[in-house]
Amino acid sequence: MGVIHAATEKSFKENKDFKQRPSWHDPEMVLRLPECMLRRMNQKVQDNRDNLFPALLAILLPYASGTQAAMVYSNAFNEPMGTTYPEWSSSSITYSNKINPPGSGSLPAPMVTNTNSANHAQQFLGLFGGPPIGVPTDPGWNRTRVDQTVSLSLSNLPPHRALHLSFDLYIIRSWDGDSPAYGPDRFILSMANGPTLLDTTFSNNPKTNSDGSFQSYPAPNSAPWTGALSTGTLGYDRFFRDAIYRLNYTFPHATNRVKINFTSSLFEGRGSADEAWGLDNVIVSTVTGAD
Ligand SMILES: [Ca+2]
Ligand SMILES: [Ca+2]
């Protein structure tokens with residue numbers, strides 16, 4: 001039976017060392033969740049009755065017989081804007097277009113830093129999605145697929161049989177979901193050595209009649225913003241309202257290191273001023289004990 005120690009939100013925010021934490025050395029502390037996280041989990045249950053099971057699983061997981069969980073990483077990215085985090089990296093940006101220019105190619109991996117939301121309500125990791133590819137006078141302008149993977153690499157994990165991952169995904173500006181004309185705009189969550197936990201599309205584009213901009217999350221042909229924790233809270237665009245999705249996964253894992261890949265594959269190629277994303281409140285816990 002696990003013991004929950006609820007750290008204060010203040011101590012959570014002021015904790016500058018978000019790396020591997022030594023909490024698992026403490027035999028009494030098998031799960032350490034800040035009060036703010038417990039409140040969010042409760043809020044998720046209240047907000048999202050269609051998705052009760054994953055939320056309850058996240059809450060009840062440490063109470064399952066013989067199961068213990070220990071938080072090994074958490075980051076709210078609340079340091080001064082432009083802070084870098086050595087455990088986070090980006091792939092190179094790759095792009096492809098049947099029309100030349102801009103054609104296909106790759107750009108150097110950009111720096112990964114935190115930023116402020118447009119309305120300064122949140123500090124988070126971003127903006128991702130890539131720069132503009134080519135120029136508006138290119139014959140292939142607006143028809144380019146752009147891919148980027150942002151990775152979290154953790155090592156020296158204590159012995160475990162599974163990992164629990166939770167994070168907030170910020171979907172920003174005019175994502176078009178499964179639109180035949182302007183999409184698909186995809187987001188993929190995967191471990192470098194498997195498994196893939198999510199491969200879907202998101203839409204902030206309400207023009208479903210003209211653009212076919214439905215999204216595949218949480219199920220095919222969902223309306224834009226379906227399943228979001230909140231919309232329009234980041235201040236980016238009033239028409240293509242930004243959305244925050246709170247995602248939770250528990251998956252089998254046993255080695256002492258992990259590389260978690262957060263990937264976007266966006267179609268248009270006008271850069272993060274047009275379609276962008278970010279990450280916040282990333283928490284990784286190791287799970288030990290009986291199945
Ligand atoms: Ca934050
Ligand atoms: Ca698009």
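This report describes the overall make-up of a predicted model and then several of its local backbone features.

## Overall composition

The chain contains four helices and 16 strands. It has 291 residues, and buried residues make up 41% of them.

Contacts were also considered by their separation along the sequence. Among those in the chain between residues at least 6 apart in sequence, 72% join residues at least 24 apart.

## The hairpin of β11 and β12

Strand β11 covers residues 186–191, and strand β12 covers residues 196–201. The two strands run antiparallel and are joined by five bridges. Within this pairing, Phe187 stands opposite Thr200, a residue of β12.

Together, β11 and β12 form a hairpin, with four residues between the strands. The turn includes Gly194, whose phi is positive at about 85 degrees.

## Cis peptide bonds

One cis peptide bond joins Gly183 to Pro184, and its omega is near -5 degrees. Pro184 belongs to the loop that connects β10, residues 162–173, with β11, residues 186–191. The strand that follows this loop, β11, is the one that forms a hairpin with β12.

A cis peptide bond is also present between Pro101 and Pro102, where omega is about 10 degrees. Pro102 is likewise a loop residue, placed between β5 (93–96) and β6 (105–107).

## Positive phi outside glycine

Two residues other than glycine are described here for their positive phi values. Asn142 has a phi near 80 degrees. This residue is found in the loop between β8, which spans 123–128, and β9, which spans 144–154. Is Asn142 buried, exposed or partly exposed? Asn142 counts as partly exposed because it has 16 C-beta neighbours inside 10 Å, a count between the limit of 12 or fewer for exposed residues and that of 20 or more for buried ones.

Arg173 has a positive phi as well, near 70 degrees. Its place is in strand β10, which covers residues 162–173. Arg173 has 24 other C-beta atoms within 10 Å and is therefore buried, since 20 or more are required for that class.

## Summary of the local features

The cis bonds described above lead into Pro102 and Pro184. Pro102 lies in the loop between β5 and β6, while Pro184 lies in the loop between β10 and β11. Of the residues with positive phi, Asn142 is in a loop and partly exposed, whereas Arg173 is in a strand and buried. Gly194 also has a positive phi, in the turn of the hairpin.

Note on methods: Residues numbered from 1 in each chain as written. Chains lettered and ligands numbered in written order. Predicted model: local features only at pLDDT ≥ 70, side-chain atom pairs only at ≥ 80, totals over all residues. Contact = placed C-beta atoms within 7 Å. Pairing = 2+ DSSP bridges.
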